[in-house]
Amino acid sequence: MKVTLVVIGKTDKDYLKKGIDIYGKRLFHYLPFEIKTIPDIKNSKNLTTEQQKEKEGVLILNQVTAMDQLILLDEKGEELSSVDFSKWMEKRMVAGTKHLVFVIGGPYGFSPAVKERANGKLSLSKMTFSHQMVRLIFIEQLYRAMSILNGEPYHHE
Ligand SMILES: C[S@@+](CC[C@H](N)C(=O)[O-])C[C@H]1O[C@@H](n2cnc3c(N)ncnc32)[C@H](O)[C@@H]1O
């Protein structure tokens, strides 16, 4: 199963880039993983938040095919423990999912069209993180889930 993380705008802080690079490489030992970066919307200051979400939504949906499983990362989504997230991943692998696409919304979240297309919503916490910060937090959790499935001593209960 291939996993893609779709994000909006380049990662702008070096401390995040370093962490994402470290955990992205570790993750790649377990499964094909890539980050797809959608460029920031131009002249977003002249747009309403709804217009910005719509435009981001079109670009997000361009990244997925009808066969892909699209999962939104959203603070209002389903909350799982790390062990339960590892089981959640395993279920998709066993079910033969070919391409699992996680997406992090822009500063204002997701458009209605993206929410409608999504196959599920996962929360990393009830707290809201910046769309930059959540990249590293999610990749570490994905690595943790895969290390649990592979019996590695990274996670301790
Ligand atoms: C600043 S937040 C946007 C918050 C906005 N109020 C909303 O309605 O989504 C930017 C993005 O980061 C991600 N995010 C932030 N906190 C999260 C959390 N606790 N769990 C999962 N994703 C989160 C989501 O993808 C969100 O769309």
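Here are some short exercises on the structure above, each with a worked solution.

This is a predicted model, in which local features need pLDDT of at least 70, side-chain atom pairs count only at pLDDT 80 or more, and totals for chains, interfaces and linings use all residues. Residues are numbered from 1 along each chain as its sequence is written.

**Exercise 1. The ligand shell**

Find how many residues surround the ligand, and work out which strand gives the most to this shell.

*Solution.* Start with the criterion: a residue is near a molecule or strand if its C-beta atom, placed from the backbone, lies within 6 Å of it. The ligand is surrounded by 17 residues, and the closest are L73, E75, G105, G109 and L124. Next, sort the shell by class: eight residues are nonpolar, seven polar and two charged. Here Ala, Val, Leu, Ile, Met, Phe, Trp, Tyr, Cys and Pro count as nonpolar, Asp, Glu, Lys and Arg as charged, and the others, Gly among them, as polar. Finally, look at the strands: β3 (residues 69–79) gives the most to the shell, with three residues. Helices (H or I, at least four residues) and strands (E, at least two) are DSSP runs, numbered from the N terminus.

**Exercise 2. Two annotated loop residues**

Take K126 and T128 from the UniProt "binding site" annotation and decide whether K126 is buried or exposed.

*Solution.* First, the record: the annotation, from an unreviewed UniProt entry, covers L73, G105, L124, S125, K126, M127, T128 and F129. UniProt positions are given in the numbering used here, feature names are shortened, and annotations may be inferred rather than shown by experiment. Then locate the pair: K126 lies in the loop between β5 (120–123) and α5 (133–149), and T128 lies in the loop between β5 and α5. Now apply the cut-offs: a residue is buried if 20 or more other C-beta atoms lie within 10 Å of its own, exposed if 12 or fewer, and partly exposed in between, with C-beta atoms placed from the backbone. K126 is exposed because it has 8 other C-beta atoms within 10 Å. T128 has 14 other C-beta atoms within 10 Å, so T128 is partly exposed.

**Exercise 3. Strand partners of β3**

Identify which residues stand opposite L73 in β4 and in β5.

*Solution.* Two strands pair if DSSP finds at least two bridges between them. On one side, β3 and β4 (99–104) pair in the parallel sense over five bridges, and L73 stands opposite I104 in β4. The chain goes from β3 through helix α3 (residues 82–94) to β4 in a right-handed β-α-β crossover. Right-handed means that, with the strands pointing away from the viewer, the path from the first strand over the helix to the second runs clockwise. With β5, β3 runs parallel and shares five bridges; there L73 stands opposite L122.

**Exercise 4. The nonpolar core**

Which element gives the most residues to the largest nonpolar core?

*Solution.* A nonpolar core is a set of buried Ala, Val, Leu, Ile, Met, Phe, Trp, Tyr and Cys residues joined through C-beta atoms within 7 Å. The largest one has 30 residues, and L27, V101, F102, V103, I139 and L142 have the most contacts inside it. Each of β1, α1, β3, β4 and α5 supplies at least two residues of this core. The answer is α5, with eight residues.
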